[in-house]
Amino acid sequence: MKVNLNDVIEAIENLSDEYAYYYYIPREEIVSYSDYSGWSDPGMPETVYNDDLIALPTRKEVDDYGNMVRFIESQPDGDAKEWMGNAIHGRGAFRMFRAAAERFDMLSDWYDFQEKAHRATAMVWCEENGIIYEDRLKPLDDDEEDDLYEEEEEEIPVPVPKEEKLNLRIVDITDKNYMNLIFLKDEYNRFAARYTGEAPESDPDRAQDELEDLLDQGCIIFAASDHGRYLGYIVLLESPDELRLKELFVRSDSRRKGIAGALMKKAESRAAEAGLEEVTNTVQPDNQVMISFLNSCGYNTLGMLEVHKAGAKRGAVKVGNHEFDL
């Protein structure tokens, strides 16, 4: 599933009591519905199934009153902050707030703040529902293009685009958005096979089953998202005494960009919230990539060794004066 983020933002800005907005999955489009006039798009089928619709954020979730409060709190102490703070109490709060902001020439600042808040709400909605989003403007219509180029007299050099920076966000994975993680989990399984002796074969069905099992077990899963596209993920198992890292993986084409570090910081933040000093890590002794990464994060103290009587030998590792088969 994919969408133009600006379509979501436009729907958020047009929220009203009459219209409800939805993402229509079969066409990957934003549509609106009114109890009085039905679907705004005449091309919608006569029967629309609930499973084909994802509701956009409601007015309560957008919380523009809360956005006003946060805007006021972000201002320095003074007359403007006091006037705007007094304006939002009682009837006509939005109208009185805008009048106060205009009085102190801060209306454009408020609109910029509100636009950023709506954009953040739209991004979170996409990520929570597993929708990849493009952050691009709509093309101009013919009249707008004519106006744009009417007074242009000379050719303007086009700058060479620079490599696009990642818009990295850490997303909670739930039963609403885990499907977008299946192929990344499948890539992890093929990568991990080299340490377990299994055949590194692609099996998306197995990856889906394993993700569902992890969620059913109560595991915490975070994904690193770039415009809704998952570039890496981490799986954590939480208990009263520890937060154990079970899986950490980054797409092969997205490594060395700080993604694994961002996921680990998120895990450590979760551990701190639970009153734990660190994340507990278990790693195969010959997984030098993971060991090097953990060392770079400050994990350099060896804990308990898990020793088995026999197994398929892949190599050997030495701990002190003792050598163990892998």
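What follows is a chat about a predicted model of one protein.

Colleague: Before we get into details, how many helices and strands are in the protein?

Modeller: The predicted model has 11 helices and 13 strands.

Colleague: And what share of the residues counts as buried?

Modeller: Of the 326 residues, 34% count as buried. The protein exposes about 21500 Å², and carbon and sulfur atoms supply 47% of that area.

Colleague: What about contacts, how many of them join residues at least 24 apart?

Modeller: If you take contacts between residues at least 6 apart in sequence, 59% join residues at least 24 apart.

Colleague: OK, aromatics next. How many aromatic pairs are there?

Modeller: The count comes to 12 aromatic pairs. One of them is Phe-71 with Trp-110, with ring centres 5.7 Å apart and planes at 65 degrees.

Colleague: Why is that pair edge-to-face?

Modeller: Planes over 60 degrees apart count as edge-to-face, and the planes of Phe-71 and Trp-110 are at 65 degrees, so the pair falls in that class. The pair also links distant parts of the chain: Phe-71 is in helix α3 (residues 64-73) and Trp-110 is in helix α6 (residues 107-128), 39 residues apart.

Colleague: Are those two rings buried or exposed?

Modeller: Phe-71 is buried at a relative accessible area of 2%, and Trp-110 is buried at 3%.

Colleague: Which residues do ring pairs link into a cluster?

Modeller: Phe-71, Phe-97, Trp-110 and Phe-113 are the ones linked.

Colleague: Staying with α3, which of its residues are buried?

Modeller: Asp-64, Gly-66, Asn-67, Met-68, Phe-71 and Ile-72 are buried in α3.

Colleague: And what covers them?

Modeller: The cover includes α2 (59-62), α4 (79-87), α5 (93-103) and α6.

Colleague: Anything in α6 besides Trp-110? What does Glu-127 touch, for instance?

Modeller: Glu-127 lies in helix α6 and is buried, with a relative accessible area of 4%. Leaving aside neighbours within four places in sequence, Glu-127 is in contact with Tyr-133, Arg-169, Val-171, Asn-177, Ser-225 and Tyr-230.

Colleague: Switching to charges. Which charged end sits over the ring of Trp-83?

Modeller: That's Arg-103, 4.0 Å from the ring centre. There is also Lys-266, which lies over the face of Phe-222 at 5.2 Å from the ring centre.

Colleague: How many salt bridges did you get?

Modeller: The count comes to 14 salt bridges. Among them is Asp-77 with Lys-81, where the closest N and O atoms are 3.3 Å apart. Asp-77 is exposed at 71% relative accessibility, while Lys-81 is partly exposed at 23%.

Colleague: What about Arg-190, which residue does it form a salt bridge with?

Modeller: Arg-190 forms one with Asp-186, the closest N and O atoms being 3.4 Å apart. Both are in helix α8 (residues 182-196), and because they are 4 residues apart there, about one helical turn separates them.

Colleague: Why does a spacing like that matter in a helix?

Modeller: An α-helix has 3.6 residues a turn, so residues three or four places apart point the same way.

Colleague: How accessible is each partner, Arg-190 and Asp-186?

Modeller: Arg-190 is partly exposed, with a relative accessible area of 33%. Asp-186 sits at 2%, and because buried means under 20%, Asp-186 counts as buried.

Colleague: And what does Glu-238 meet in a salt bridge?

Modeller: Its side chain meets that of Arg-270, at 3.3 Å from N to O. That pair links distant parts of the chain: Glu-238 is in strand β9 and Arg-270 is in helix α10 (residues 259-273), 32 residues apart. Glu-238 is partly exposed at 34%, and Arg-270 is partly exposed at 26%.

Colleague: Which residues do shared salt-bridge partners join into one network?

Modeller: Lys-185, Arg-206, Glu-210 and Glu-247 are joined that way.

Colleague: Back to β9 for a second, what does Leu-237 touch?

Modeller: Leu-237 lies in β9 (residues 229-238) and is partly exposed at 33%. Not counting residues up to four places away in sequence, Leu-237 touches Cys-219, Glu-242, Leu-243, Arg-244 and Lys-246.

Colleague: Last one: which residues form a nonpolar patch on the surface?

Modeller: Leu-302, Leu-305 and Val-307 do, with about 300 Å² of accessible area together. Val-307 lies in the loop between α11 (288-296) and β12 (316-319), and at 54% relative accessibility Val-307 counts as exposed.

Definitions and conventions
Residues are numbered from 1 along each chain as its sequence is written. This is a predicted model: local features need pLDDT of at least 70, side-chain atom pairs count only at pLDDT 80 or more; totals for chains, interfaces and linings use all residues. Side-chain values use heavy atoms; hydrogens and water are left out. Patches are made of residues with over 30% relative accessible area and no salt bridge: like charges are joined within 9 Å, nonpolar side chains (Val, Leu, Ile, Met, Phe, Trp, Tyr) within 5 Å. Accessible areas come from the Shrake-Rupley method with a 1.4 Å probe; for residues, only the protein chains shown count as cover. A salt bridge is a side-chain nitrogen of Lys or Arg within 4 Å of a carboxyl oxygen of Asp or Glu. Helices (H or I, at least four residues) and strands (E, at least two) are DSSP runs, numbered from the N terminus. Buried means under 20% relative accessible area, exposed over 50%, partly exposed in between (1.4 Å probe, protein chains only). Rings of Phe, Tyr and Trp (its six-membered ring) pair if their centres lie within 6.5 Å; planes under 30 degrees apart count as stacked, over 60 as edge-to-face and the rest as tilted. A charge sits over a ring if NZ of Lys or CZ of Arg is within 6 Å of the ring centre and within 35 degrees of the ring normal. Contact means heavy atoms within 4.5 Å.
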